[in-house]
Structure formats: C-alpha cells, structure tokens
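Biologist: Before we discuss this model, could we agree to set each descriptive term against its definition?

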Amino acid sequence: SVRWKTVNQSKYNNRIMGSGELRPAGHKKTLRTFAAASFLNDMGSDIIYPVWPLFVTEFLKAKMTVLGFIDGLGDALVSLSQAASGYASDKLKRRKIFIWTGYLCGSISRLGYAVSTVWTQLVPFKMLDRIGKIRSAPRDAAVADLSTDGNRGRNFGLLRTMDNLGAFVGILVCLALFPLFGYRRLFALAAIPSLVGAALIIINIRETRPSERKIFKGMSLRRLDGNLKLYIVLNAVFALGSFSYSFLLIQAKRSGSRAGFVPVLYLIYAAAATAGSLPFGRLSDKVGRKPVLFLSFGVWGALCLGVLAAKGPGVGIAVFVLFGIHKAALDPVQRALVAELCPPAFRASALGAFQMIIGLCAFPASFLAGLLWETLGPAAPFALSLGLTALAGLLLAFVNPPRPSKSALP
C-alpha cells in the first residue's frame, strides 16, 4: 500500500494508508488538497470546453466528423494513460508523481490550443491534454484507500462536487471573458489554474513508502470477482452510446439556441452536476451503489428521448439539466463500486483498467455518432444510445455489489 501525509500535519504523524486506516486530521487535509487541485484543474478545462466545439468547427473550419475524431481520440488516450498509470502506481507504490504530472500536462496543452491555426495542430495537444489523465487512477485509488464502505460514496462525491464546481466557475469565466479575449487569449488564461493545482500537490502532500516490501505481481483476470467483470462489460456497452458532450451542444444550437447561449447551457449542466454529486454519493452509501446507477442510466435515457421527441430552444435547457443529473449520479458511484469490487492491492490498476475500457469504447462512440449524424441525421446517434443504455441497464440487474457498511471515518 501507499502512504501519504500532508506536510503541515506531519507533527501529528497523520498518514494515508492503503488499508484505509488513518488519523482524521491527515485524512481530511489530504482530501481537501485533492479537492482544491481538482477544482482548479476543472476550472481551467471548462474555461475552454463551452466554446471548444465552436472553436473546432467554426473558427478552424473543421467538419463534425473531425470534431468527433478529435474528441474520440482524446477519450481513447485517457483510457490508455489511466491504465498505464494505475498499474505503475500500484507497482511502484507511488501516487503523487502521477497526480501533479497530470495537472501539468493539462496546463501545457491549453497553451498549445492557443497557438494552433489549423485543426491538425490540435491533435498532439489534445493527446497531451488527455495523457494528463494519468492522475485519475492513482488519485481515485488514494481516495478509495482513505475511505470505508460507509463513506466511500461521499468522498468520491466530494471530489466530483469540486470538479463540477470548478467547471461552473470556469464557465462563468468563459462567459465573462470570451467576448473580450477571444479564443486564443482565453485558452492561454486557462492554463494557469492547472499549474497552480500541480503546485498544491507538490507542496502540500508528502508521500512515503510503506515499511513492508511486497512484490507486486500485477493484476490477473482470474483474481477478479465475476461481478466486477460483468460490471465492466455493462459500462463498456453504455459507453458505446455515451458520446461526447459536443454533440449535445451542437444539437442545442440546431434546436434554436443562439451561439452566445451555448456556454450558458454548459453552465446549467455544471450547476446540476455540482448540486447532485455529493448527495448522490451519500445516497449510494445508504441505499447501495446499484440503485443510484439505475437512476443515472434512466436519466440518460430520458435525455435521449427528449432530444428525439421535442423541439425548440427550451429543449436545450432541459437536456443539460438531465445531463448534469446523469453525471452527478454516475461518476462518483461508478468509481466507488469498482474500488469495492476489486482487491485493495490492485485498486489503482483496476480503476485504470476500468477507465481504459470505457475510454476505448468512447472513441468509436464519438466517431460513430459523428458519422451517423452526417449520414442518417442528428436523431440517429441518440436513438442508438437509447438502445445501448437499455441493454446496459438490463446487465446491471445481474450485478451483485457488496452492501455498504455502517462504519465511516469522521
């Protein structure tokens, strides 16, 4: 297991231990550091995200298929980087270096976007941005190690709340400064928060190796629970229909939303996701992970039906409220359940492998959505997603997750 301690709590010898045994002050301090860095990184990301589809398709004059290719490629690289970093983190018994390096990659990539003049130049910087996700599996494993079954959903919910709050603030910055700065200066500004987040991890967190020296032999499929295998499969099925948010933004514009209102829709999404992440995480601690996941799939299905059945500018607002609720219910619970279904010694590896599979499915999902959009019409990708969501929900019925315990760290 990996041990951590916050620098200014060292006098209390507060350490984060792989078994989840720790003293409360160190536990809270480290979670706050992770949360602050996550807030800053998502703030930087979401200064860009609301105008990203328009930047690619209108400013750089690329086609929808290109947008789908770039977004899908980014999602695929996320998956590979998380799998590699998760395995390396467990093997080396190190978390910190992957986390701060990931934030630094995100910062550099945004500077690259700012100087790009044609869409092909975006590709290497998109790759760097997504490779920055090497932070996710080690960080999520650390959060899981900090937690018990009785508060794991809450802790992941806190992290997602700060992610989404950062997105909310980032969108406000985008709305306020985009008319003044334009794309390039705005993207350069977006590089700063992630740089500060990397500094927070470097300065505030000190990591030490555990005293025991155990040989890490790697994660074997034979040692994984059958429920985890089925859970990975059903999430892969869902991911095949869970295309990039860019398609929701473009669809909203087609339904009558003005181009200047598109960032507001993303703001609505961020507000809904921020408000829901911690409550849904806590709910999963009380009633179990599975009911909350069913709810998440159901909300996404309602979103697809709404796009298929309704028209008009008001549809965009409803769609992004549902999108925020869906993400708030999905993200914290999805990762918490992976951490509970896998052996503790392989948490970073399992979380990384899970995200790898989801990301590899996301690449064809976004590319196929762009292809269906251009060949069969905008309704086609939403119809396909609705069917795949129903199949994923059916498979989820056969997963038997462990029951959350009543115990929780203070």
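Modeller: Let us begin with one pair, the side chains of D140 and R335, which meet in a salt bridge with N and O 2.9 Å apart. Please keep in mind that this is a predicted model, in which local features need pLDDT of at least 70 and side-chain atom pairs count only at pLDDT 80 or more, while totals for chains, interfaces and linings use all residues. Residues are numbered from 1 along each chain as its sequence is written, and side-chain values use heavy atoms, with hydrogens and water left out.

Biologist: What makes the contact of D140 and R335 a salt bridge?

Modeller: The term requires a side-chain nitrogen of Lys or Arg within 4 Å of a carboxyl oxygen of Asp or Glu, and the N to O value for D140 and R335 is 2.9 Å, so the pair meets the rule. By this rule the count comes to eight salt bridges.

Biologist: Which parts does the pair of D140 and R335 tie together?

Modeller: D140 lies in helix α6 (residues 136-146) and R335 in helix α13 (residues 313-341), so the salt bridge links parts that are 195 residues apart in sequence; helices here are DSSP runs of H or I with at least four residues, numbered from the N terminus.

Biologist: Why is D140 called buried?

Modeller: Buried means under 20% relative accessible area, with exposed over 50% and partly exposed in between, using a 1.4 Å probe and protein chains only; D140 has 2% relative accessibility and therefore counts as buried. R335 is buried as well. D140 also forms a salt bridge with R139, where the closest N and O atoms are 3.5 Å apart, and R139, at 5% relative accessibility, counts as buried.

Biologist: How do you know that R289 and D285 are buried or exposed?

Modeller: R289 counts as buried because its relative accessibility is 1%, and D285 counts as buried at 10%. The two form a salt bridge, their closest N and O atoms being 2.8 Å apart, and salt bridges that share partners join R152, D285, R289 and E340 into one network.

Biologist: Why are α4 and α8 called roughly antiparallel?

Modeller: Angles run from 0 to 180 degrees between N-to-C directions, along axes fitted to C-alpha atoms over the stretch in contact, and those over 145 count as roughly antiparallel, under 35 as roughly parallel, 65 to 115 as roughly perpendicular and the rest as oblique. Helix α4 (residues 96-115) and helix α8 (residues 191-204) pack at about 165°, with their axes 8 Å apart, and they are therefore roughly antiparallel to each other.

Key: Helix = DSSP H or I, 4+ residues; strand = E, 2+ residues; numbered from the N terminus.
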